[in-house]
Amino acid sequence: MENQGIFQLNLRQEASYSSTNPPSDSVSNSFAGLRLSADGTLDAYGSAPLIARVTEGGTFFLAARNSYRVPGGNVVTTTALAGCHVLSPGVITGCYVSCNSHPTYGFNKSVGTFRTERMTWAPGENEASGGLALVAEASTTVGMPVDIYVAKEHAYVVSVSKGPLLGGLSVFDVKDRTKPTLVKTVTIAGDGAWNGVWAKGDALYVASDSSGLIVFDITDPANPVFVRHAEGPDAVHTVLVEGERLFANSPGTGTFVYDLTSPLDPTLLQLVTWAPEGYTGGPHDVFVHGNRLYISNDTTGFHIMDISDLDDVRHLGDYLQPGFIGTFSHHNAVGTFAGRTLAFVGGEFTASHVRVLDVTDPTNIPLIGTFRMRPHTSMHNLLLRGNLLYVAWYHEGLRVLDVSHPTQPRQLAHFNTYRETDPRRGHGLFEGAFGVRIPGDGFVYLVDSSRGLIIVNEL
């Protein structure tokens, strides 16, 4: 029986009971992270500390309790998990019960089953395969690293705040790819949610969920100089540059399009939303191919817009994704294969995977292929280079897929970035490889939530 390590749990609720509503047998799925430490000091279930633990002598029993303030009093959540079977080392199934109580709103109880797996590398895997190898790595103490862009022989890593560490920007000199050097960090008090980054010419663009689109001057690439916050939304989650246009995605609002004729002075041109009647969710990421904008809209799916005329943007078609777990629309890349336009669409949360869509006719989008990893892990960002699809897959590290036969993507190589023992390694679902960039210098640049910058060779 495993008694230490980092685990991910998939929970299947099979019934619920409430003091205000009749019993329900509706089925739903959720997930949680679990950390067990050898001496018990770091034990946690999600954000809740453990109040009971028996993991010796063939027994697996845990209980956790959390409390948080809401209007009218505290909500207290108590969860207990009892293991029933060990399917293989580190893989346990069992039953759970979770109760919420509030002095005004009463109580709610849910019961169901769970499957948990220790987050070691996939069975039988080594650190790398297919010719990939570690070239170098370098860490930062600026928040939790989540995205990267490489320009002017420097790697720009942005971070979000985590615990006492404020998010911001870390600049690495990568002239010698075998010895990346952290040369500067940039933080702004009260603005620690820097989630996306891109560069064009002497301009560096940072997507901040706290303050919108931030522009830096990188004429001296080792010393970014703050220029201004661009006109537009107060929150930008991701950013993409294509040609002379910049696309900034604002949660719950839409995609703001800027002219980059003067890169240090982005000019707002248009706001694009996929639904004229209003927005559901928000554009998590977009991709531009030809005159079309491909939107991964988190809670609804994949949407295609004609942006050949920004004064007359037209909605062309959709691939809708009902539900939530395993279908959250997160990221995409589009290319042309044998005269057909294909989109590689990635989700987020547990059971997310790569979908291959034929988007040649936006009014009729068939699913023609899929690629999956372990069901309790989540993918994040992907990048298409010719017939190779590079996927940053959180706990699964970097996965390189051969998509020359798009209906049957196959793994060509991998590099595992995730290790339980890395400093500041968390136990949540979103841990490991966040982003990947391939600037064409013979190397692949990754950003890992704990290790920071990782450089491997390009295939």
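His154 has a varied set of neighbours in this predicted model. Leaving aside residues within four places in sequence, His154 is in contact with Tyr149, Val171, Phe172, Asp173, Val174, Lys175, Val183, Pro221 and Ala222. The residue sits in strand S12, which covers residues 154-160. With a relative accessible area of 2%, His154 is buried, because buried means under 20%. Its side chain also has a polar partner: one of its polar atoms lies 2.8 Å from the backbone oxygen of Lys152.

Now let's turn to Phe430, which belongs to the loop between strand S34 (410-415) and strand S35 (433-437). Is Phe430 exposed, partly exposed or buried? At 28% relative accessibility, Phe430 counts as partly exposed, since that class runs between the 20% and 50% limits. Not counting residues up to four places away in sequence, Phe430 touches Glu348, Phe349, Ser378 and Tyr394. Phe430 and Gln13 are 417 residues apart in sequence, and their C-alpha atoms are 22 Å apart in space.

Here are the two residues side by side.

| Residue | Location | Relative accessible area |
|---|---|---|
| His154 | strand S12 (residues 154-160) | 2%, buried |
| Phe430 | loop between S34 (410-415) and S35 (433-437) | 28%, partly exposed |

One sheet is worth a look next. What is the strand order of this open sheet of 4 strands? The order is S23-S24-S25-S26, and the pairing is antiparallel. Strand S23 (283-289) and strand S26 (314-320) stand at the edges with a single partner strand each, so one side of each has no neighbour in the sheet. From one strand to the next, the twist averages 20°. Strands of a sheet pair through backbone hydrogen bonds, in a parallel or an antiparallel way. Strand S25 (residues 301-306) pairs with S26 in the antiparallel sense over 6 bridges. Within this pair, Ile304 has Gly317 of S26 as its bridge partner.

Finally, the chain as a whole. Its secondary structure comes to 0 helices and 37 strands. The radius of gyration is 23 Å, close to the 23 Å that the globule rule gives for 459 residues, so the chain is as compact as a globular protein of that length. Taken along the principal axes, the C-alpha atoms fill a box of roughly 65 × 50 × 50 Å. Buried residues make up 54% of the 459 residues. Among contacts with a separation of 6 or more, 49% are between residues 24 or more positions apart. The accessible surface comes to about 18,400 Å², and 52% of it belongs to carbon and sulfur atoms.

Notes. Residues numbered from 1 in each chain as written. Predicted model: local features only at pLDDT ≥ 70, side-chain atom pairs only at ≥ 80, totals over all residues. Heavy atoms only, no water. Pairing = 2+ DSSP bridges. Axes fitted to C-alpha atoms, helices over the stretch in contact; angles between N-to-C directions. Rg over C-alpha atoms; globule rule 2.2 N^0.38 Å. Buried < 20%, exposed > 50% of the residue type's maximum accessible area, 1.4 Å probe, protein only. Contact = heavy atoms within 4.5 Å. Areas by Shrake-Rupley, 256 points an atom, 1.4 Å probe, with all protein chains shown as cover. Polar contact = N/O pair within 3.5 Å; in protein donor to acceptor, adjacent residues only side chain to side chain.
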